[in-house]
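Got the structure open in your viewer? Let's go through it stop by stop, with something to select at each one.

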Amino acid sequence: MKSLTEMRPDIRAPPDIHRPPPLGADLGLLALRLTVGLIMAGHGAQKLFGLFGGQGIAGTGKGFAALGYHPGDFYAGLAGVSEFAGGLGLAAGLLTPLAAAALIGVMINAMVIGAPQGLWALSGGIEYPVTIAIVALTVAATGPGRFALDRPFRWGSGGLGCAAFALGAGGIGAAIVLAL
């Protein structure tokens with residue numbers, strides 16, 4: 001007896017066809033990237049330029065120095081540039097693995113600072129930086145979607161290599177900052 005696919009070859013999809021993800025998935029990725037990316041760019045703008053109620057480099061630098069990051073202005077600038085550029089990159093879907101690495105690195109440092117306070121942000125814990133780092137890692141792994149500037153590039157579809165790069169580069173960057 002013939003199998004169903006032998007009797008009805010029209011119901012078989014060729015095995016080499018890759019169907020694009022549904023439009024809803026790409027719109028969801030766009031919403032996620034824009035929300036998290038622009039919020040992180042805003043955090044960076046607070047540190048760098050004093051926008052959105054931020055203290056700018058001088059004020060943020062004093063806070064960084066109080067946390068043990070010396071010179072405080074340098075580390076405030078480094079964190080601000082990482083958040084600003086990483087956030088804009090994530091939002092635009094541009095150089096996504098690198099943008100994710102920048103955000104992951106900053107968030108690892110924030111996790112180290114907040115770890116003694118536990119998980120919840122209410123007590124100064126790591127809830128927020130863990131969430132941001134995982135979102136950045138997830139976007140690197142899944143790719144930024146069809147509404148991204150990275151779409152024509154090989155890293156535009158994400159994958160384990162992109163996620164490993166983002167996590168590795170972010171982790172190495174964080175380790176260097178923490179070691180200094």
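Before the first stop, one term: contact here means heavy atoms within 4.5 Å. Also keep in mind that what you're looking at is a predicted model.

**Stop 1: helix α6**

Select residues 127-142. That's helix α6, 16 residues reaching 22 Å from the first C-alpha to the last, close to the 22 Å expected at 1.5 Å a residue. Now color P129, I132, A133, V135, A136, V139 and A140, which are buried. Turn the view until you look down the axis of α6: its buried residues fall within an arc of 160 degrees, so they line one face of the helix.

What covers that buried set? Show α2 (23-49), α4 (72-92), α5 (96-114) and α7 (160-179), which are among the elements that cover the buried residues of α6. Then step just past the end of α6 to G143, where phi is positive, near 90 degrees.

**Stop 2: D150**

Carry on into the loop between α6 and α7 and pick D150. D150 is buried but has no salt bridge. How far away is the nearest side chain of opposite charge? That side chain belongs to R33, and the distance is 7.8 Å.

D150 does have a polar contact, though: its side chain meets the side chain of W155 at 3.0 Å. Show the surroundings too. Leaving aside neighbours within four places in sequence, D150 is in contact with G93, L94, L95, T96, P97, P144, W155 and G156.

**Stop 3: the salt bridges**

How many salt bridges does a search of the whole structure find? It finds two.

For one of them, select D26 and R146; their closest N and O atoms are 2.5 Å apart. D26 lies in helix α2 and R146 in the loop between α6 and α7, so this pair ties together parts that are 120 residues apart in sequence. Color by accessibility and you'll see D26 counted as buried, because its relative accessibility is 3%. R146, at 27% relative accessibility, counts as partly exposed.

Now select E83 and K47, whose side chains meet in a salt bridge at 2.9 Å, N to O. This pair also links distant parts of the chain, with E83 in helix α4 and K47 in helix α2, 36 residues apart. Are these two buried or exposed? E83 is buried, with a relative accessible area of 5%, and K47 counts as buried at 15% relative accessibility.

**Stop 4: I39 on α2**

Stay on helix α2 and pick I39. At 45% relative accessibility, I39 counts as partly exposed; the cut-off for buried is under 20% relative accessible area. Leaving aside neighbours within four places in sequence, I39 is in contact with L34 and Y128. Draw a distance from the C-alpha of I39 to that of L88: the two atoms are separated by 9.2 Å, while the residues are 49 apart along the chain.

**Stop 5: helix α4 and its end**

Select α4 by itself. This helix has 21 residues and reaches 30 Å from its first C-alpha to its last, close to the 30 Å expected at 1.5 Å a residue. Right after α4 comes G93, with a positive phi near 65 degrees. You've already met G93 among the contacts of D150.

**Stop 6: backbone oddities**

Switch to a backbone view for the last few picks. Most residues other than glycine have a negative phi, and most peptide bonds are trans.

- Select L95, in the loop between α4 and α5. Phi of L95 is near 50 degrees, a positive value in a residue other than glycine. L95 counts as partly exposed, at 42% relative accessibility.
- Select F52, in the loop between α2 and α3. F52 has a positive phi of about 55 degrees although it is not a glycine. F52 is exposed, with a relative accessible area of 63%.
- Select H70 and P71. The peptide bond from H70 to P71 is cis, with omega near -5 degrees. You'll find P71 in the loop between α3 (56-66) and α4.

How values were computed. Residues are numbered from 1 along each chain as its sequence is written. This is a predicted model: local features need pLDDT of at least 70, side-chain atom pairs count only at pLDDT 80 or more; totals for chains, interfaces and linings use all residues. Side-chain values use heavy atoms; hydrogens and water are left out. Helices (H or I, at least four residues) and strands (E, at least two) are DSSP runs, numbered from the N terminus. The expected span of a helix is 1.5 Å times one less than its number of residues. Buried means under 20% relative accessible area, exposed over 50%, partly exposed in between (1.4 Å probe, protein chains only). The arc is that of the directions from the helix axis to the C-beta atoms. Lys and Arg count as positive and Asp and Glu as negative; His and the chain ends are not counted. A salt bridge is a side-chain nitrogen of Lys or Arg within 4 Å of a carboxyl oxygen of Asp or Glu. A polar contact is a pair of N or O atoms within 3.5 Å; within protein, one must be able to donate a hydrogen and the other to accept it, and residues adjacent in sequence count only if both atoms are side-chain atoms.
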